[in-house]
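Walk me through this structure. Start with a covered helix, then move on to the strands and the cores.

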Amino acid sequence: MPSAGDVHERIKARLKMRLADLLDGAPPGRHAPQQRQALEAELHQVVRDVTDESRGVSLSAEDERRLIHEAIQEVLGFDLLDALLADPTINEIMINGPSELFVERDGRLEPVPVAFRDANHLMSVLERMLASANVSVNEANPVCDASLPDGTRLNVIIPPLALNGPVVTIRRAAREWTMRDYLEKQALSPQVAEFLQGCVRAKVNVVISGGTSAGKTTLVTILSASIPEQERIVTIENVAELSLPGRRHWVRLVGRPPSLDGRGEIPLRVLVKNALRMRPDRIILGEARGGEALDVVQAMHSGHDGFITVLHANSGRAALERLETMMLMSGLDLPPAACRMQIASAVDLVVHIARFVDGSRRIATVTQVQGSAEEGFLMEDLFVFDGGGFTPEGRLLGSWRYTGVRPKFLGKFTLNNMPLPSWLAT
């Protein structure tokens, strides 16, 4: 005699088949409340039909609601992930195989007391998520980066490369941050905010550096709001992540990875070269990773001011050193000293953002590039975050200190009709 669990699974299978018929080939996704209610009504009828056909099978009202809910979640939603994706306090979701889930809230990791039934259950959810981005993951292609329609970032790696089972990292789309929000979060001071907004309007070439999940993309979004409305912006990314709310004259370019047979790749370097032919007022490079760094630096030299480039690095100096390394990866036979000289004369400012021990994300240094020498880059800090002490709740205390160094690029403020901040005007 079949167990209650077997009966429930059989009924759920019937419910899912009926849902597939009702959807009639439409892709899974979110549905309006009225549509969902109509689907639930149909599924209640399916349950009644099954119990009428099967002698000795009965379901309580609670079991019936649970089965219908599970069937809808497994066909239309993302199952256990729906509640996590709907929680505005969660920034990232990390899945280490079917039985270990963690989330990040306010920069801190915490376990989630839920689990998928097994690896197949997790894979079925992943397949639905990836289908909305028109990508897939399988044994032949076990690593995948994707951007969902709502801007959520998804990284998947599955066996045989991951021994835990499918490992998934989901970074939720950042909400539309403003400089006011950033100030309220104490990620920078009003003086630093005024200076950075002025630099963007004055077409200062800026490199934004930081570690993984430090908030680099969020800072780009905030600073881009200072670009004059009439200017034409071209953004270039490997995976669509940038959000420029309210921007009308915005062209988005996204690179294409190679297919399974290794063909069809469109690297960022091709997009950077093409963007220079599109009459851009501003170019924002989501993240420099390779030989495109050479084209970006040379573009800054050729009159394309106002560049914003993102780099993974653990300090402002390390960001420029990494930019130098990537220029050497371009395939041209350039001596390191020549690369350093070009970078030093092209990049005006390096803004380094960091995650601190309390989970907060703050601008750590704002540094100008003075030049280059045989031993490396000549740099001067304009602003430095000095941390000291903690609140009873464990939040790091500190303040931003202006070093008194006068920026060398103030001529760009004059050329672009930008008044100097009052504390620099004297």
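**A covered helix, a run of strands and two cores**

Helix H10, residues 292-301, is mostly covered, with eight of its ten residues buried. This is a predicted model. The buried residues of H10 are Glu-292, Ala-293, Leu-294, Asp-295, Val-296, Val-297, Ala-299 and Met-300. An α-helix has 3.6 residues a turn, so residues three or four places apart point the same way.

What lies over H10? Its buried residues are covered by elements that include helix H9 (268-275), helix H11 (316-328) and helix H12 (336-346). Strands S10 (282-285) and S11 (308-312) are also among the covering elements. After H10 comes Gly-303, with a positive phi near 100 degrees.

Now the strands. Strand S12 spans residues 349-355 and strand S13 spans residues 361-373. S12 and S13 pair in the antiparallel sense, over seven bridges. One bridge partner can be named: Arg-355 is matched by Arg-361 in S13. The hairpin of S12 and S13 has five residues between the strands. In this hairpin, Gly-359 takes a positive phi near 90 degrees.

S13 also pairs with strand S14, residues 376-390. The sense is again antiparallel, over eight bridges. Here Thr-367 has Asp-381 in S14 as its bridge partner. Two residues make the link in the hairpin that joins S13 to S14.

Next, the cores. The largest nonpolar core has 43 residues. Those with the most contacts inside this core are Tyr-182, Phe-195, Leu-196, Leu-349, Val-351 and Val-366. Helix H7, residues 190-201, supplies the largest share of the core, six residues. Apart from this core lies another, of 37 residues. Among its members are Ala-299, Met-300, Leu-320 and Val-369. Ala-299 and Met-300 are also on the list of buried residues in H10.

Which residues does Val-366 contact beyond its neighbours within four places in sequence? The contacts include Val-192, Phe-195 and Leu-196. Leu-349, Val-350 and Val-351 are in contact with Val-366 too. So are Glu-380, Asp-381, Leu-382 and Phe-383.

Last, the cysteines. A disulfide is a covalent bond between the sulfur atoms of two cysteines. How many disulfides does a search of the whole structure find? The search finds zero. Are Cys-144 and Cys-199 buried or exposed? Cys-144 is buried, because its relative accessible area of 6% falls under the 20% cut-off. Cys-199 is buried as well, with a relative accessible area of 1%.

Notes: Residues numbered from 1 in each chain as written. Predicted model: local features only at pLDDT ≥ 70, side-chain atom pairs only at ≥ 80, totals over all residues. Heavy atoms only, no water. Core = buried A, V, L, I, M, F, W, Y, C linked by side-chain atoms within 4.5 Å. Buried < 20%, exposed > 50% of the residue type's maximum accessible area, 1.4 Å probe, protein only. Helix = DSSP H or I, 4+ residues; strand = E, 2+ residues; numbered from the N terminus. Contact = heavy atoms within 4.5 Å. Disulfide = S-S within 2.5 Å. Pairing = 2+ DSSP bridges.
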